[in-house]
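This report describes a single structure, shown below. It proceeds from one loop residue to the sheet, the core, the charged pairs and the cysteines.

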Amino acid sequence: MPIWNVYFYDLTGDGRPELCASLSFGSGMIDNRVVIYDYGKGASYTLEDRGEYDYYLRMDERDGCLYVDKKEYDTERRAATGRLVFQEECIAIGGW
(Lines give C-alpha, C1' and ligand atoms only; values in the text may rest on other atoms or scores of the structure.)
Protein backbone atom coordinates (compact mmCIF):
# COMPACT_ATOMS: atom_id res chain seq x y z
CA MET A 1 0.00 0.00 0.00
CA PRO A 2 1.17 3.56 -0.51
CA ILE A 3 3.36 5.45 1.90
CA TRP A 4 2.04 9.02 1.72
CA ASN A 5 4.80 10.85 3.58
CA VAL A 6 7.84 10.22 5.76
CA TYR A 7 9.54 12.57 8.20
CA PHE A 8 12.69 12.29 10.30
CA TYR A 9 11.60 13.73 13.65
CA ASP A 10 12.82 13.27 17.23
CA LEU A 11 9.49 12.30 18.75
CA THR A 12 10.89 10.34 21.72
CA GLY A 13 13.25 13.10 22.88
CA ASP A 14 16.36 10.88 22.81
CA GLY A 15 18.22 13.20 20.44
CA ARG A 16 17.88 10.82 17.46
CA PRO A 17 15.12 11.25 14.88
CA GLU A 18 12.57 8.51 14.34
CA LEU A 19 11.01 7.63 10.99
CA CYS A 20 7.43 8.95 11.10
CA ALA A 21 5.09 8.04 8.24
CA SER A 22 1.50 8.05 7.02
CA LEU A 23 0.47 5.00 5.04
CA SER A 24 -2.52 3.08 3.76
CA PHE A 25 -2.98 -0.53 4.81
CA GLY A 26 -5.23 -3.38 3.78
CA SER A 27 -6.86 -5.13 0.89
CA GLY A 28 -10.51 -4.48 0.15
CA MET A 29 -10.98 -2.46 3.32
CA ILE A 30 -8.21 0.18 3.29
CA ASP A 31 -7.37 2.27 6.35
CA ASN A 32 -4.89 5.10 6.81
CA ARG A 33 -2.56 5.06 9.81
CA VAL A 34 0.53 6.63 11.32
CA VAL A 35 3.58 4.47 11.98
CA ILE A 36 6.70 5.53 13.90
CA TYR A 37 9.89 3.50 13.77
CA ASP A 38 12.54 4.12 16.42
CA TYR A 39 15.53 2.49 14.76
CA GLY A 40 17.73 3.14 17.82
CA LYS A 41 15.50 0.86 19.92
CA GLY A 42 14.29 -1.32 17.06
CA ALA A 43 10.70 -0.53 18.07
CA SER A 44 7.68 0.59 16.09
CA TYR A 45 4.49 2.31 17.21
CA THR A 46 1.21 2.60 15.32
CA LEU A 47 -1.76 4.91 15.55
CA GLU A 48 -4.68 3.05 13.97
CA ASP A 49 -8.34 2.21 14.50
CA ARG A 50 -9.29 0.02 11.57
CA GLY A 51 -12.78 0.65 10.24
CA GLU A 52 -13.48 3.44 12.75
CA TYR A 53 -10.97 6.22 12.04
CA ASP A 54 -8.22 7.14 9.61
CA TYR A 55 -5.07 8.98 10.71
CA TYR A 56 -3.04 11.39 8.60
CA LEU A 57 0.36 12.81 9.54
CA ARG A 58 1.45 16.29 8.46
CA MET A 59 4.23 18.78 9.21
CA ASP A 60 3.21 22.28 10.24
CA GLU A 61 5.74 24.57 8.57
CA ARG A 62 4.97 27.39 11.04
CA ASP A 63 6.19 25.58 14.14
CA GLY A 64 8.09 22.62 12.63
CA CYS A 65 6.02 20.07 14.57
CA LEU A 66 4.21 16.95 13.39
CA TYR A 67 0.43 16.89 13.64
CA VAL A 68 -2.16 14.16 13.21
CA ASP A 69 -5.61 14.57 11.70
CA LYS A 70 -8.04 11.90 12.86
CA LYS A 71 -10.99 11.46 10.50
CA GLU A 72 -14.02 9.22 10.55
CA TYR A 73 -13.27 6.15 8.48
CA ASP A 74 -13.49 6.68 4.72
CA THR A 75 -14.80 10.27 5.06
CA GLU A 76 -13.38 13.77 5.26
CA ARG A 77 -15.12 14.46 8.63
CA ARG A 78 -12.40 15.39 11.09
CA ALA A 79 -12.89 13.93 14.56
CA ALA A 80 -9.72 15.41 16.11
CA THR A 81 -6.45 17.09 15.30
CA GLY A 82 -3.37 17.77 17.40
CA ARG A 83 0.36 17.38 17.78
CA LEU A 84 1.82 13.90 17.52
CA VAL A 85 3.15 12.99 20.98
CA PHE A 86 5.05 10.05 22.48
CA GLN A 87 4.13 9.13 26.03
CA GLU A 88 4.38 5.94 28.05
CA GLU A 89 5.80 4.02 25.05
CA CYS A 90 2.78 4.96 22.88
CA ILE A 91 2.04 7.56 20.22
CA ALA A 92 -1.07 9.70 20.51
CA ILE A 93 -2.71 12.93 19.47
CA GLY A 94 -1.75 15.60 22.01
CA GLY A 95 -4.64 17.05 23.96
CA TRP A 96 -6.93 14.06 23.36
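## A loop residue and its surroundings

T12 is partly exposed, its relative accessible area being 23%. The model in which this value was computed is a predicted one. T12 belongs to the loop that lies between β1 and β2.

Leaving aside neighbours within four places in sequence, T12 is in contact with E18, D38 and F86. A further relation across the chain concerns C90: 78 residues separate T12 and C90 along the chain, while their C-alpha atoms are 9.8 Å apart.

## The open sheet

Four strands, in the order β1-β2-β3-β4, make up an open sheet with antiparallel pairing. The edges are taken by β1 (3-9) and β4, each of which has a single partner strand, so one side of each is left without a neighbour in the sheet. On average, and with direction ignored, neighbouring strands of this sheet are turned by 20° against each other.

Within this sheet, β1 and strand β2 (residues 18-25) run antiparallel and are joined by 6 bridges. N5 has S22 in β2 as its bridge partner. As a general point, strands of a sheet pair through backbone hydrogen bonds, in either the parallel or the antiparallel sense.

## The β5-β6 hairpin

A second antiparallel pairing, over 8 bridges, is that of β5 and β6. These two strands form a hairpin with 4 residues between them. G64, in the turn, has a positive phi of about 75°. One of the bridge partnerships joins D54 to K71 in β6.

A charged pair also links the two strands. R58 and D69 form a salt bridge in which the closest N and O atoms are 2.9 Å apart. R58 lies in strand β5 and D69 in strand β6 (residues 65-72), and the two are 11 residues apart. Their accessibilities fall into separate classes: R58 counts as partly exposed at 30% relative accessibility, whereas D69 counts as buried at 7%.

## The nonpolar core

The largest nonpolar core has 18 residues, of which V34, I36, L57, V68, L84 and I91 touch the most other members. At least two residues of this core come from each of β1, β3, β4, β5, β6, β7 (78-87) and β8 (90-93). The largest share, 4 residues, is supplied by β6. In general, nonpolar side chains of soluble globular proteins tend to be buried together.

The surroundings of V68 can be listed in detail. Leaving aside neighbours within four places in sequence, V68 is in contact with V34, L47, Y55, Y56, L57, A80, T81, G82, L84 and I93. Among these contacts of V68, V34, L57 and L84 are also named with V68 among the core residues that touch the most other members.

## Salt bridges

How many salt bridges does the model contain? The count comes to 10. Side chains of opposite charge can pair when their charged atoms come close. One of the pairs is that of E48 and R33, whose side chains meet at 3.0 Å, N to O. E48 lies in the loop between β4 (43-47) and β5 (53-60) and R33 in strand β3 (residues 31-38), so the salt bridge ties together parts that are 15 residues apart in sequence. E48 is partly exposed at 36% relative accessibility, while R33 is buried at 8%.

E48 and R33 also take part, with D31 and R50, in a network of salt bridges. Another of the pairs is formed by R77 and E72, with 3.0 Å between the closest N and O atoms. E72 counts as partly exposed, with a relative accessibility of 31%.

## Cysteines

Why do C20 and C65 form no bond with each other? The closest cysteine sulfur to that of C20 is in C65, and the separation of 12 Å is too far for a bond. A disulfide would require the two sulfur atoms to be within 2.5 Å. C65 is likewise in no disulfide, the nearest cysteine sulfur being that of C20, 12 Å away. The count for the model comes to 0 disulfides.

Are these two cysteines buried or exposed? C20 is buried, with a relative accessible area of 0%. C65 is buried too, with a relative accessible area of 9%.

Conventions. Residues are numbered from 1 along each chain as its sequence is written. This is a predicted model: local features need pLDDT of at least 70, side-chain atom pairs count only at pLDDT 80 or more; totals for chains, interfaces and linings use all residues. Side-chain values use heavy atoms; hydrogens and water are left out. Buried means under 20% relative accessible area, exposed over 50%, partly exposed in between (1.4 Å probe, protein chains only). A salt bridge is a side-chain nitrogen of Lys or Arg within 4 Å of a carboxyl oxygen of Asp or Glu. Two strands pair if DSSP finds at least two bridges between them. Axes are lines fitted to C-alpha atoms, for helices over the stretch in contact, and angles run from 0 to 180 degrees between N-to-C directions. A nonpolar core is a set of buried Ala, Val, Leu, Ile, Met, Phe, Trp, Tyr and Cys residues joined through side-chain atoms within 4.5 Å. Contact means heavy atoms within 4.5 Å.
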